[in-house]
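Here are my notes on this entry. Please read them with the coordinates open.

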Amino acid sequence: MRTLEKEQVIQPLTVKVSRRSLLKALGYREKMELTPNVDEIIREVLEEGGDFLHPRGIFSLFPVEKVNDSEIILPGGVKLQTPRIARTLFQAELLAVFLITIGPELEREADRLSEAGHLAQALILDTYGSESAEAAVGDLNLRIDRLAQEEKRRTSFRFSPGYCDWDIQDQKKIFSLIPGEKIGVNLSSSLMMIPKKSVSSIIGIGPRGSQKNARHYPPPCPDCPQRFQCLNRRQ
Ligand code: SF4
């Protein structure tokens, strides 16, 4: 599978947030009764929240020079230091590095609602924004999976700096590889992405090996000491 000559911008990404996923993200369990007021706000946010979304993404494919027990080494000596993820990506030939954002508009509207004292609306809209960013990163993930499958390659699950044992400091390396400003995303000195509803990730791409029908490499979760508390666990 070839690398890309240039990073690709995808705009718009497909984002769909269901009532069920929004309720779950807000902490409601199935069959819990909502007050009429909350029910009304949720209905409004699901109907109109999309007006504040401008989901876009950017990705590039880099050849993996080497993977050892603790790091993934890319051209130019860029080393992503994460033993747990490196062990999962030991067969990777390429690394897809990507960023997505839903843009700043939803965040501004949630801040405006909060300042005006509409705290429930602000919270529900903000949660809808987080679910939208999750849906946008899922869409770009799927596009990268399809690209790899067309070339008879397999992908890993996606991983982001700050998760598993990957130090958030490596966010700087992600931004050195991908021009976030092309989709309006910048990294602050405290390593926060601006706009906040943005996600950076990597996916390993490599041969299918003996499991020809498997679409994904197994995740590192079964051996992970944090697996019992981790909300991102894959298996
Ligand atoms: S259980 Fe959680 S921390 Fe551990 S490898 Fe899986 S996603 Fe990462």
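The points below take the sheet, then the ligand site, then the link between them.

1. Keep in mind that this is a predicted model.

2. Start with the sheet. It is open and has 5 strands, in the order 1-2-6-10-7. The pairing is antiparallel. Strand 1 (8-10) and strand 7 (154-155) form the edges, each pairing on one side only.

3. Look next at strand 2 and strand 6. Residues 56-63 run antiparallel to residues 94-101, and 8 bridges join the two strands. Within this pair, serine 60 of the model faces valine 97 in strand 6. Helix 5 (residues 119-150) packs on the sheet. Helix 5 touches strand 1, strand 2, strand 6, strand 7 and strand 10. The direction of helix 5 makes about 20° with that of strand 10.

4. Now the ligand. Which residues are closest to the ligand? They are Cys164, Cys221, Cys224, Arg227 and Cys230, out of 13 that surround it. The shell divides into 7 nonpolar, 2 polar and 4 charged residues.

5. Take cysteine 221 from that list. Cysteine 221 lies in the segment after strand 10 (198-206). Is cysteine 221 buried, exposed or partly exposed? It has 17 other C-beta atoms within 10 Å, so it counts as partly exposed; buried would need 20 or more, and exposed 12 or fewer. Leaving aside residues up to four places away in sequence, cysteine 221 touches Arg227, Arg233, Arg234 and Gln235.

6. Finally, relate the two regions. Cysteine 221 and serine 60 are 161 residues apart in sequence. Their C-alpha atoms are 26 Å apart in space.

Definitions and conventions: Residues are numbered from 1 along each chain as its sequence is written. This is a predicted model: local features need pLDDT of at least 70, side-chain atom pairs count only at pLDDT 80 or more; totals for chains, interfaces and linings use all residues. Helices (H or I, at least four residues) and strands (E, at least two) are DSSP runs, numbered from the N terminus. Two residues are in contact if their C-beta atoms, placed from the backbone, lie within 7 Å. A residue is near a molecule or strand if its C-beta atom, placed from the backbone, lies within 6 Å of it. Ala, Val, Leu, Ile, Met, Phe, Trp, Tyr, Cys and Pro count as nonpolar, Asp, Glu, Lys and Arg as charged, and the others, Gly among them, as polar. Two strands pair if DSSP finds at least two bridges between them. Axes are lines fitted to C-alpha atoms, for helices over the stretch in contact, and angles run from 0 to 180 degrees between N-to-C directions.
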